[in-house]
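Here is a short tour to read alongside the sequence and the model. Please keep both open as you go through the points.

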Amino acid sequence: MSLVTFAKIAWTIGVLAWFLIRLPFQIKARKTGVADARRKNAREMILLSISTCGLGLVPALYVTTGFPAALSYAPSPALATLGVMVFLSALWLFWRTHKALGRQWSVSLELRESHKLITSGVYEHVRHPMYSAFFLWALAQALLLPNLAAGFSGFVGFGILFFLRVGEEEAMMREAFGAEYDAYCARTKRVVPFLY
Ligand code: SAH
């Protein structure tokens, strides 16, 4: 098997594993009452679609057809190995964030009935560890897929979602939890512990 084929398979398994980690929470979330879905609007749906293109559709097109071949470059065993390790750490973090958020989790910006503010576990040092996990996925994608479009579309797609959403998400949490959320913000960073 060529290195590129190996890397493509590794990326595909990573995405399938992410889907399987998320599935039980997605099923449970459907049964959980929603208290506030004001921010689940067209803008959110567009952002989610852009992110899905960058982390899913563009690389999937490359993995299945090699398109756009003109943007491919020589693969490196060291980068591919690092990519596998980064994807594994992303999956671990996804699993921990889903576990910690439990019934508070939702795909778009929503508040559940009797929503609780989670501040422990992987939420102790960063406020958005699930977004950290998506950035790790984007990094793994760039390391695994030796193609400029497929490799970097994850950063572009998820980056757009993150930067256009995070302020609104924090405003929603502040409105719901007030001083408790301010105190939480004061002692945490957004996605990288102690840095950002
Ligand atoms: N931004 C978080 C969560 C993403 S899921 C992360 O990256 O880990 C999005 C939903 O999670 C939001 O609609 C919000 O209702 C909920 N949420 C975000 N942070 C939360 C927290 N600290 N405690 C409880 N719910 C939270």
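**Briefing on the predicted model**

F194 counts as exposed because its relative accessibility is 68%, and exposed means over 50%. This residue belongs to the segment after α5, and its phi is positive, at about 65 degrees, although F194 is not a glycine. Please bear in mind that this is a predicted model. The points below take up the backbone first, then the salt bridges, the ligand and two further spots.

**Backbone geometry worth a look**

- Most residues other than glycine have a negative phi, and most peptide bonds are trans.
- S114, like F194 above, is not a glycine but has a positive phi, here about 40 degrees.
- You will find S114 in the loop between β2 and α4.
- With a relative accessible area of 60%, S114 is exposed, because the cut-off for that class is over 50%.
- The peptide bond that runs from F67 to P68 is cis, and its omega is near -5 degrees.
- P68 itself is placed in the loop between α2 and α3.

**Salt bridges**

- How many salt bridges does the structure hold? There are 11, and three of them are described here, beginning with R38 and D36.
- The R38 and D36 side chains meet in a salt bridge, with 2.7 Å from N to O.
- The two partners sit in unlike surroundings: R38 is exposed at 52% relative accessibility, whereas D36 is buried with a relative accessible area of 12%.
- R39 and E175 also join their side chains in a salt bridge, at 3.1 Å from N to O.
- R39 is in the loop between β1 (34-36) and α2 (42-65), while E175 is in helix α5 (residues 148-186), so this pair ties together parts that lie 136 residues apart in sequence.
- Is R39 buried or exposed? R39 is buried, its relative accessible area being 10%.
- Its partner E175 counts as exposed, at 53% relative accessibility.
- R165 and E44 form a salt bridge in which the closest N and O atoms are 2.9 Å apart.
- That pair links distant parts of the chain, as R165 is in helix α5 and E44 is in helix α2, 121 residues apart.
- Both partners are buried: R165 has 4% relative accessibility, and E44 has a relative accessible area of 2%.
- Which residues are joined into one network by salt bridges that share partners? They are D36, R38, R39 and E175.

**The ligand and its surroundings**

- There are 20 residues around the ligand, and the ones that come nearest are E110, I118, Y123, H128 and E169.
- A polar backbone atom of E110 is 2.6 Å from an oxygen atom of the ligand.
- In the side chain of Y123, an N or O atom is 2.6 Å from an oxygen atom of the ligand.
- For H115, a polar side-chain atom lies 2.9 Å from a nitrogen atom of the ligand.
- How much of the ligand does the protein bury? The ligand exposes 530 Å² when taken alone, and the protein buries 99% of that.
- The largest pocket is the space that the ligand takes.
- Two elements, α4 (129-144) and α5, give two or more residues to the shell around the ligand.
- Of the elements, α5 gives the most to this shell, with four residues.

**Two more spots to visit**

- Where does I9 lie? I9 is part of helix α1 (residues 3-31).
- At 39% relative accessibility, I9 counts as partly exposed.
- The C-alpha atoms of I9 and L144 are separated by 9.7 Å, and these residues are 135 residues apart along the chain.
- S106 has its place in the loop between α3 (77-101) and β2 (111-112).
- S106 is buried because its relative accessible area is 16%, and the class takes values under 20%.
- A polar atom in the side chain of S106 lies 2.7 Å from the backbone oxygen of S108.

Conventions: Residues are numbered from 1 along each chain as its sequence is written. This is a predicted model: local features need pLDDT of at least 70, side-chain atom pairs count only at pLDDT 80 or more; totals for chains, interfaces and linings use all residues. Side-chain values use heavy atoms; hydrogens and water are left out. A salt bridge is a side-chain nitrogen of Lys or Arg within 4 Å of a carboxyl oxygen of Asp or Glu. Buried means under 20% relative accessible area, exposed over 50%, partly exposed in between (1.4 Å probe, protein chains only). A residue is near a molecule or strand if one of its heavy atoms lies within 4 Å of it. A polar contact is a pair of N or O atoms within 3.5 Å; within protein, one must be able to donate a hydrogen and the other to accept it, and residues adjacent in sequence count only if both atoms are side-chain atoms. Accessible areas come from the Shrake-Rupley method with a 1.4 Å probe; for residues, only the protein chains shown count as cover. On a 1 Å grid over the protein atoms alone, a cavity is a set of points where a 1.4 Å probe fits but cannot get out, and a pocket is an open set with protein on both sides within 12 Å along at least five of seven lines; lining residues have an atom within 4 Å of a point. A molecule sits in a cavity or pocket if more than half of its atoms lie within 2 Å of its grid points.
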